[in-house]
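User: Please justify the structural terms applied to this model, setting each against its definition.

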Amino acid sequence: MKRRVNILSFFPIVFLIISTISGCGKKHVDQRVTLWRLDKNPYGTWVAYNNLSQIFPEATIQTNTQSPNPFKLYEAVEESFSSSGGSSGTVTIIITPQLRPDVHEWVALFNKVRRGEHVFISALDIDRTVIDSLSLVTSAMSPELFLLIDSLEVSVFEPEFGEEYVFSYPGRNGERWIESLDSNYTNILGKNDYGMANYVRWNFESGGSLSLHLVPMAFTNYFLLHKNNLRYYDMVLSHLPKRTRLVVWDDYFRNHTRGAVKDFSRLQVILSHQSLRWAFFVVLLIFALLYLFESKRRQALIPVISRHRNTSLDFVRTVGALYFQKKDNKNLAQKIIAHFLERVRTKYNISTTTLDEE
C-alpha cells in the first residue's frame, strides 16, 4: 500500500513535466520589454548593441556594470587614448527601462560631461529629480500605459543638413515626450508624430554633451529590423562624435534601483527567459519531492538467520567416507567396538573390563 501511494505521488510531477515540454514546443512571441543587449527577442537591444561598431568604426566597444560613483573604470583607458592624440572623449550609452540614479551617481554622470565626454540616455521611466535638474516638463502619462498601444512613429533631424526623417513600426509604443524646455540651452534633435520633442541635447563648454532620448522602443530589435528603421538608429547616434575612440555601453542602470543593485548573474539570465525559467523551477520541484520522499526513515533489512546444522552428522559422514576410501575395515570395526563399549559403560554403568558371555 505504501509503495502504491509513493508511485501515485509522482503522477503530478510527470504531468507537470509533460505540460512544460508541450508548452515549450509552442512558439510564442516574447512580449517582454527587456532592452537587454543580449536579448534577441523583439524588445531586446541585441541589434543596437552589435551595430555600434558600424556607427563608430574607430572606437573600442566596452560594457560597464559598475556604478558611476566614482566613475573611474575607464579614466585610465581614456587617458591613454588622449595621450595618443585622436580622442574626442568617451561616449557612454545608457539604454534602460528605468533610470533612477541617486544624487552621487547623477553628479558623477555630469562630471563626465564636464570632462568633455558624451553621455547618451534613453529610458522609459526617468526619475523625477533627473527631469527637474534638466529644467524639463515631460508627459504625465505613464509609459507603461503606452506599451499597450501598438505602432510608434518618431522623427529625427539629420545632423549635417538638418532635414527631418520619419520612421515607424507596428510594435509597442511606450513613448514619452517633452512638454516644456529651455530653448536657450536645449537642442531638439527628434520629435514624435504630434510634433513634441522626444530627443534633446545639451552642449557644454568643455566639449562634452548630454543627450536625452525618451523613446527607447525605437532601439529595440523589432523597430530596427522593420523596413529601413536601422537608419534611424544611425542618425540618432550620428549626433555624437564619430571619431570617438571609446564607446561604453552601460548596463548598470538597467538593473539598478535606488538603494539596491541587482547582481548580473547566470541565474538572472536563466530567469529572464520563460522556457529556461520553467525548466529551472521544474528541476527544483523534482529535487524537492525526491528529497521529501527519500529523506523518510526506512526500516533496516532483517537478515535471514539459517537453522543450526547438525555438525556431528557431517563429521560422521566425513570420517566414514575416509575409512571407506582406505578400505581399512579392521581398524574401523575396532573403533566401532570401542565406541560401543564406551556407550555401555557411560549409559548402563556396566564394566567392560572383562568381556565374557554375561
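User: What makes strand β2 and β3 a parallel pair?

Analyst: Two strands pair if DSSP finds at least two bridges between them. Eight bridges join β2 (residues 91-99) to β3, and the strands run parallel, so the criterion of at least two bridges is met. Within β3, Asp-125 stands opposite Gln-98. Helices (H or I, at least four residues) and strands (E, at least two) are DSSP runs, numbered from the N terminus. The model is predicted: local features need pLDDT of at least 70, side-chain atom pairs count only at pLDDT 80 or more, and totals for chains, interfaces and linings use all residues. Residues are numbered from 1 along each chain as its sequence is written, and side-chain values use heavy atoms, leaving out hydrogens and water.

User: Which strand pairs with β3 over five bridges?

Analyst: Strand β10 (residues 209-213) does, in the parallel sense. His-213 in β10 is the bridge partner of Ser-122.

User: Why is strand β3 called mostly covered?

Analyst: Buried means under 20% relative accessible area, exposed over 50%, partly exposed in between (1.4 Å probe, protein chains only). In β3 (residues 118-126), nine of its nine residues are buried, so each falls under 20%.

User: What makes the largest nonpolar core a core?

Analyst: A nonpolar core is a set of buried Ala, Val, Leu, Ile, Met, Phe, Trp, Tyr and Cys residues joined through side-chain atoms within 4.5 Å. The largest has 37 residues, and those with the most contacts inside it include Leu-52, Phe-223 and Leu-237. Helix α10 (residues 230-237) gives the most to this core, with five residues.
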